[in-house]
Amino acid sequence: METEYSKPALTIADIIGRLKTNGLSIIDEKEALRKLGIVSYFRIAAYLRPMEDDKDTHHFKPGSTLENAFALYEFDTKLRQLIFAAIQEIEIALRAKVIQHFSLTYGPFWFMDVNLSANERLFAQNLSAIDRELERSREDFIKAHFKKYIRPAFPPAWKTLELASLGTLSKLYYNFSDKKVKKAIAREFNLPNHEILESWMRSIASLRNCCAHHARIWNRSLSATPQMTGKIRGSWISHTDIDSNRLYAVLCCTAYWMESINGKSHFVSGLKNLIAKYPMVDVAAMGFPASWENEPLWK
């Protein structure tokens, strides 16, 4: 049944009073007032929900504290920062490999050739997305290119695709018809085939968007799931029967990817140290299985 929203805005003091009425303990109310003044209650509410024993009345379980919610929020913030830094490195490496392999095989304007695409509709969508990025760009190298050249309509791939989003890059790779070249790129990341790389690209593109918009990720159900089965060559997980729409699956892909790019990556140690620093976090809610630290990937 449709109803009209009629809840009034509340002061921070009112919000704290309501939380206490619902059974939430607040150890330091002065600090709570300060923190809720710089991080909105609606954002923190997502970290309070695991503590509720009644989702309708929002009454809290015994022993629940606002301080624990803020600790969970801080963990999630640091987790996003760790993941985002890793995805940036992966994205740059992907961009370099796609540009290099496709351009050396099919020339600098391969992304403009519909004959190299598997789906014409997706090809048109990708080209439109690239065109919008070019229109918005204020990069000096793009300005310099159009000042000197009038044809073709797009600069070569090594210039144009520096502007493409990770999502567009993943769609270009997915829609490219030459599977042999796509497999060569997958092998660059120690993956056996392009199907696995495609699914991993979609997954991290979706997760990157969550990180970029400061969204909660620690217990989020992810819409784009990575393929976890297959003959992975490097150190991987021995049990792949995990929930692929939970964060743990994408963390596995990220750790493996970072190792293939840079064997000296600190992503694994950074993640393990972060989890150890926040023992109150339920890693099972992130999809972590029991004894995950003993998997070859995480050692």
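Student: Which residues of helix 3 are buried?

Tutor: This is a predicted model, in which local features need pLDDT of at least 70 and side-chain atom pairs count only at pLDDT 80 or more, while totals for chains, interfaces and linings use all residues. Residues are numbered from 1 along each chain as its sequence is written, and side-chain values use heavy atoms, with hydrogens and water left out. Helices (H or I, at least four residues) and strands (E, at least two) are DSSP runs numbered from the N terminus, and buried means under 20% relative accessible area, exposed over 50%, and partly exposed in between (1.4 Å probe, protein chains only). In helix 3, the buried residues are Ile-44, Ala-45, Ala-46, Tyr-47 and Leu-48.

Student: Against which elements do the buried residues of helix 3 pack?

Tutor: Contact means that heavy atoms lie within 4.5 Å. The buried residues of helix 3 pack against helix 1, helix 2 (29-38), strand 1 (52-54), strand 2 (59-60) and helix 4 (66-106).

Student: Which residue forms an edge-to-face aromatic pair with Tyr-47?

Tutor: Rings of Phe, Tyr and Trp (its six-membered ring) pair if their centres lie within 6.5 Å; planes under 30 degrees apart count as stacked, over 60 as edge-to-face and the rest as tilted. The whole structure holds 18 aromatic pairs. In one of them, with 5.6 Å centre to centre and 80 degrees between the planes, the partner of Tyr-47 is Tyr-73.

Student: How many residues apart are Tyr-47 and Tyr-73?

Tutor: Tyr-47 belongs to helix 3 and Tyr-73 to helix 4, and their pair links distant parts of the chain. Along the chain, the two are apart by 26 residues.

Student: Is Tyr-73 buried or exposed?

Tutor: Its partner Tyr-47 has a relative accessible area of 1% and is therefore buried. The relative accessible area of Tyr-73 is 16%, so Tyr-73 is likewise buried.

Student: Where does Trp-236, the partner of Tyr-256, lie?

Tutor: Trp-236 and Tyr-256 form an edge-to-face pair, 5.5 Å centre to centre, with 80 degrees between the planes. Tyr-256 is in helix 11, 20 residues from Trp-236. Both residues are buried. Trp-236 lies in the loop between helix 10 (194-212) and helix 11 (247-261).

Student: Over the ring of which residue does the charged end of Lys-182 sit?

Tutor: A charge sits over a ring if NZ of Lys or CZ of Arg is within 6 Å of the ring centre and within 35 degrees of the ring normal. The charged end of Lys-35 does so at 5.0 Å from the centre of the ring of Phe-70. For Lys-182, the distance is 5.4 Å and the ring is that of Tyr-173.

Student: Which residues do ring pairs link into a cluster with Tyr-173?

Tutor: The cluster is held together by ring pairs, and Tyr-173 is one of its members. The others are Phe-102, Tyr-106, Trp-110, Phe-111, Phe-154 and Phe-176.

Student: Which element gives the most to the lining of the largest pocket?

Tutor: On a 1 Å grid over the protein atoms alone, a cavity is a set of points where a 1.4 Å probe fits but cannot get out, and a pocket is an open set with protein on both sides within 12 Å along at least five of seven lines; lining residues have an atom within 4 Å of a point. Grid points are joined across faces, edges and corners, and a volume is the space filled by probe spheres set on the points; for the largest pocket this is about 650 Å³. Two or more lining residues come from each of helix 1 (12-21) and helix 3 (41-48). With 4 residues, the element that gives the most is helix 3.

Student: How many charged residues are in the lining of the largest pocket?

Tutor: Ala, Val, Leu, Ile, Met, Phe, Trp, Tyr, Cys and Pro count as nonpolar, Asp, Glu, Lys and Arg as charged, and the others, Gly among them, as polar. The lining has 11 nonpolar and 3 polar residues, and the number of charged ones is 4.

Student: What is the volume of the largest cavity?

Tutor: The structure holds 1 cavity of 30 Å³ or more. Helix 5 (120-136) and helix 8 (166-175) each give two or more residues to its lining. The space in this cavity is about 90 Å³.

Student: Which residues does Lys-171 touch, apart from those up to four places away in sequence?

Tutor: Lys-171 lies in helix 8. Its relative accessible area is 45%, so Lys-171 is partly exposed. Beyond its neighbours in sequence, Lys-171 touches Leu-122 and Asn-126.
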